[in-house]
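The exercises below invite a careful reading of one protein model, and each is followed by a solution that goes step by step. Please look over the sequence and the structure before starting.

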Amino acid sequence: MAGVTSGTGPAHVVAVVAFDGAQLLDVTGPVEVFTTANSHGARYDVHLVSPTGEDIRTSSGVRLGVEGGWQELPPRLGTLLVPGRKDWRRAVGDRGLVAEVAELAQRSKRIASVCAGAFLLAETGVLNGRRAVTHWQLARDMATAYPQVTVEADPIFVRDGKVISSAGVTAGIDLSLALVEEDYGADIARGVARELVVFMARPGGQSQFSARLSPPEAAHPAVRHIMDAVGADPGTLQSLENLAHEAGVSARHLTRLFRTETGMTVWQYLESVRLEAAQALLEAGSEAVDTVAEKSGFGSAESMRRAFQHRMGISPTAYRARFRTTASASALVHI
């Protein structure tokens, strides 16, 4: 593949495994980073291969040309990169694909996955006993399907030994930039980030993009009643005693019921609902942060700020700036 420079020293071989149904940006994002790095002084020899050696069709319908099959790769690889597909069960059910990833992993100095590609690594056993991350929407599936893997929901990427896993789709770019920095230094990685107009290090984790963790539907009528009441009016300041009285049970019993039915405490659920209400207000309007805090039930801007930092890793002001609109003020031109 184009992108290998003529500088001195051996090239770092990168093998990217493409397969039908893989997400397009999982593949092309990292490839763009590595090949762009070559124009800044790196030496990557990037190979795009498929299980059959034939071109593949991505999840978006775009067809990608490959160089051939994995058998044509050099015997030793610097980095193996495994993309994912939305239907991860189809991917791990493809025994030929799993066998290929397992074989290449044994030949690689470093192994990386993008998004749901972590499921393929887990299926091979590469992630057993390791920490890993995948897209926030799939974290619970992965933890359930592969209990020997310690799944983390928030990081953009996680390194455990020679295995690096990254979060959803565009996180493959973050991961690849980190690998470029590891291989060739911060100056080259910074040059790539500037050329591609991306963060050198993305602020915050996945939590800023995810919806609140929705608890399962409660079976007990007292818990359902409180969940409905809080959801209907998150701005009302509540005490545990008032909520228990509303439910017709003791505060201690309501606490036990909530843990059993939802896996959350009453306060965790209340905070999650208020956080969701605050997100909606910040995205939709321009009211002062103090007003948003009052309307969403936090009571004060400081309490809301602490909740945002704890749950999402960013402040309410930063959240509004990132998610209210795709247009920056400096980019708007009025004619």
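## Overview

The protein has 14 helices and 11 strands, and the model examined here is a predicted one. Of its 335 residues, 45% count as buried. Among the contacts in the protein with a separation of 6 or more, 66% are accounted for by residues 24 or more positions apart.

## Exercise 1: the sheet

Determine in which order the seven strands of the open sheet are arranged, and which strands stand at the edges.

*Solution.* Step one is to follow the strands across the open sheet, which gives the order β5-β2-β1-β6-β7-β11-β10, with mixed pairing. Step two is to look at the ends of that order: β5 (68-69) and β10 (157-160) each have a single partner strand, so one side of each is left without a neighbour in the sheet. Step three adds a helix, since α1 packs on this sheet and touches β1, β2 (44-50) and β6, with its direction making about 160 degrees with that of β2.

## Exercise 2: strand β6 and its neighbours

Work out whether strand β6 (residues 77-82) is enclosed or open to the outside, and then identify the residues that stand opposite L80 in β1 and in β7.

*Solution.* Begin with burial: six of the six residues of β6 are buried, so the strand is largely enclosed by the rest of the structure. Turn next to one neighbour, strand β1 (residues 12-17), which pairs with β6 in the parallel sense over three bridges; here A15 stands opposite L80. Then turn to strand β7 (residues 108-113), which pairs with β6 in the parallel sense over five bridges. In β7, the bridge partner of L80 is I111, while the bridge partner of V82 is S113. Finally, helix α4 (residues 117-124) lies across β6, β7 and β11 (163-166), running at about 130 degrees to β7.

## Exercise 3: two helix pairs

Find how the axes of α1 and α6 are oriented towards each other, do likewise for α8 and α10, and say which residues meet in each contact.

*Solution.* For the pair α1 and α6, start from the axes: those of helix α1 (residues 24-38) and helix α6 (residues 171-184) come within 8 Å and cross at roughly 30 degrees. Because angles under 35 degrees count as roughly parallel, α1 is roughly parallel to α6. In addition, α1 passes α6 in a right-handed crossing. The residues that meet are G29, P30, V33, F34 and A37 in α1, and G172, I173, S176, L177, L179 and V180 in α6. Sorted by class, this contact has eight nonpolar, three polar and no charged residues.

For the pair α8 and α10, the axes of helix α8 (residues 221-232) and helix α10 (residues 251-262) come within 9 Å and cross at roughly 90 degrees. That makes α8 roughly perpendicular to α10. On the α8 side the contact consists of A222, V223, I226 and M227, which meet L254, L257, F258, E261 and T262 in α10. Sorted by class, the contact of α8 with α10 has seven nonpolar, one polar and one charged residues.

## Exercise 4: three single residues

Classify S113, E294 and S300 as buried, partly exposed or exposed, and describe the surroundings of each residue as far as they can be followed.

*Solution.* Take S113, which is found in strand β7. At 0% relative accessibility, S113 counts as buried. Leaving aside its neighbours within four places in sequence, S113 is in contact with V82, A118, L121, I164, S165, S166 and L175.

Continue with E294, which is found in helix α12 and, at 59% relative accessibility, counts as exposed. Not counting residues up to four places away in sequence, E294 touches G235 and G299. The C-alpha atoms of E294 and A278 are 9.3 Å apart in space, although these residues are 16 residues apart in sequence.

End with S300, placed in the loop between α12 (289-295) and α13 (301-312). Its relative accessibility is 28%, and S300 therefore counts as partly exposed. The C-alpha atoms of S300 and V289 are separated by 8.9 Å, the two residues being 11 residues apart along the chain.

Terms used. Residues are numbered from 1 along each chain as its sequence is written. This is a predicted model: local features need pLDDT of at least 70, side-chain atom pairs count only at pLDDT 80 or more; totals for chains, interfaces and linings use all residues. Side-chain values use heavy atoms; hydrogens and water are left out. Axes are lines fitted to C-alpha atoms, for helices over the stretch in contact, and angles run from 0 to 180 degrees between N-to-C directions. Helices (H or I, at least four residues) and strands (E, at least two) are DSSP runs, numbered from the N terminus. Angles under 35 degrees count as roughly parallel, over 145 as roughly antiparallel, 65 to 115 as roughly perpendicular and the rest as oblique. Contact means heavy atoms within 4.5 Å. Ala, Val, Leu, Ile, Met, Phe, Trp, Tyr, Cys and Pro count as nonpolar, Asp, Glu, Lys and Arg as charged, and the others, Gly among them, as polar. A crossing is left-handed if the near helix is turned anticlockwise from the far one by less than a right angle, and right-handed if clockwise. Buried means under 20% relative accessible area, exposed over 50%, partly exposed in between (1.4 Å probe, protein chains only). Two strands pair if DSSP finds at least two bridges between them.
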